[in-house]
Amino acid sequence: MQTQPKQRQTQHTQGAVPADSGRTPAERHGGERHGGKRRFARHYLEMVVAMVVGMLVLGAATRGVLALAGTELSASRHPELASLEMAFDMSVGMAVWMRRRGHGWASTLEMCGAMFVPALALFPLLWLDVIAADSMITLEHLVMLPLMFLVMVRRRNEYGC
């Protein structure tokens with residue numbers, strides 16, 4: 001007589017394994033194909049919102065701490081620092097949201113890299129006076145948003161498409 005394999009423990013017991021472990025976030029949120037493009041677009045927009053929240057909250061905290069120290073971080077006088085600070089703030093907001101949605105560290109850190117790569121790529125153009133300091137953050141966003149899209153396309157099965 002064959003014995004049946006042990007069923008997974010419920011989440012209420014110690015050492016529980018979630019019933020959906022091993023599935024991608026896209027699979028946990030309604031399947032792989034049904035509404036995939038909408039889910040992909042929604043996830044992209046959610047990440048943009050999370051980035052804005054991170055930028056506003058952490059940016060305000062940074063400015064507050066700097067004001068207490070009697071200094072400021074000016075995008076026109078310190079474009080490199082302002083760009084890196086903004087990328088960090090957005091990365092934190094996005095990473096928190098991605099982890100909450102069940103993404104692994106590899107994809108989360110890859111997406112955070114998409115926040116920093118544009119800044120690092122634009123720095124030489126800034127130093128060579130090809131771009132102005134005041135336009136650095138705008139250009140960073142113009143490169144960052146499509147780069148995020150490309151990272152999502154690379155892992156489309158994870159993002160719902």
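Reader: Okay, so the bend at a residue is the angle between two axes, one fitted to the seven residues ending there and the other to the seven starting there. Where does H4 have a kink?

Author: In this predicted model, the kink in H4 lies at Met115 and comes to about 30 degrees. The proline Pro118 follows shortly after that point.

Reader: How far does H4 reach from its first C-alpha to its last?

Author: The reach of H4 is 33 Å over 23 residues, close to the 33 Å expected at 1.5 Å a residue.

Reader: Nice. Let me step back a bit. How many helices and strands does the chain have?

Author: Six helices and zero strands. If you walk along the sequence, the pattern reads α-α-α-α-α-α.

Reader: And what share of the residues counts as buried?

Author: Of the 161 residues in the chain, 32% count as buried. As for the outside, the accessible surface is about 10,300 Å², and carbon and sulfur atoms hold 63% of that.

Reader: What about contacts between residues at least 6 apart in sequence, how many of those join residues at least 24 apart?

Author: That share is 71% for this chain.

Reader: Back to H4, then. Which of its residues are buried?

Author: There is a good list, and it includes Ser107, Thr108, Met111, Cys112, Phe123 and Leu126. Both Met115 and Pro118 from the kink are buried as well. The cover over the buried residues of H4 includes H2, H3, H5 and H6.

Reader: Can we zoom in on Thr108? Why does it count as buried?

Author: Sure! Buried means under 20% relative accessible area, and Thr108 is at 0%, so it counts as buried. Leaving aside neighbours within four places in sequence, Thr108 is in contact with Ala95, Met98, Arg99 and His103.

Reader: What comes after H4?

Author: Asp129 follows H4, and the phi of Asp129 is positive, near 60 degrees.

Reader: Let's change helix. How many residues are in H5?

Author: H5 runs over residues 136-154, which makes 19 residues. From first C-alpha to last it reaches 27 Å, close to the 27 Å expected at 1.5 Å a residue.

Reader: Which residues of H5 are buried?

Author: Met136, Glu140, Met144, Met148, Val151 and Met152 are buried in H5. Looking down the axis of H5, you would see these buried residues fall within an arc of 110 degrees, so they line one face of the helix.

Reader: And on the other side of H5, are Leu142 and Leu150 buried or exposed?

Author: Leu142 and Leu150 are exposed there. The buried residues of H5, in turn, pack against helices H2 (36-68), H3 (79-100), H4 (105-127) and H6 (156-159).

Reader: New topic: salt bridges! How many are there?

Author: The count comes to five salt bridges. One of the pairs is Arg154 with Glu110, where the closest N and O atoms are 2.4 Å apart. Arg154 sits in helix H5 and Glu110 in helix H4, so this pair ties together parts that are 44 residues apart in sequence.

Reader: Is Arg154 buried or exposed, by the way?

Author: Arg154 counts as exposed, at 59% relative accessibility. Its partner Glu110 is partly exposed, with a relative accessible area of 23%.

Reader: Which residue shares a salt bridge with Arg155?

Author: Glu110, with 2.6 Å from N to O. This pair links distant parts of the chain, since Arg155 is in the loop between H5 and H6 while Glu110 is in helix H4, 45 residues apart. Arg155 is partly exposed, its relative accessible area being 22%.

Reader: Cool. Which residues do salt bridges with shared partners join into one network?

Author: Those are Arg42, Glu46 and Arg101. Within it, the closest N and O atoms of Glu46 and Arg42 are 2.9 Å apart. Both of these residues lie in helix H2, four residues apart, about one turn of the helix.

Reader: Last one: how do Glu46 and Arg42 compare, buried or exposed?

Author: Glu46 counts as buried at 16% relative accessibility, whereas Arg42 is exposed, with a relative accessible area of 54%.

Note on methods. Residues numbered from 1 in each chain as written. Predicted model: local features only at pLDDT ≥ 70, side-chain atom pairs only at ≥ 80, totals over all residues. Heavy atoms only, no water. Helix = DSSP H or I, 4+ residues; strand = E, 2+ residues; numbered from the N terminus. Expected span 1.5 Å × (residues − 1). Buried < 20%, exposed > 50% of the residue type's maximum accessible area, 1.4 Å probe, protein only. Arc of directions from axis to C-beta. Contact = heavy atoms within 4.5 Å. Salt bridge = Lys/Arg side-chain N within 4 Å of Asp/Glu carboxyl O. Areas by Shrake-Rupley, 256 points an atom, 1.4 Å probe, with all protein chains shown as cover.
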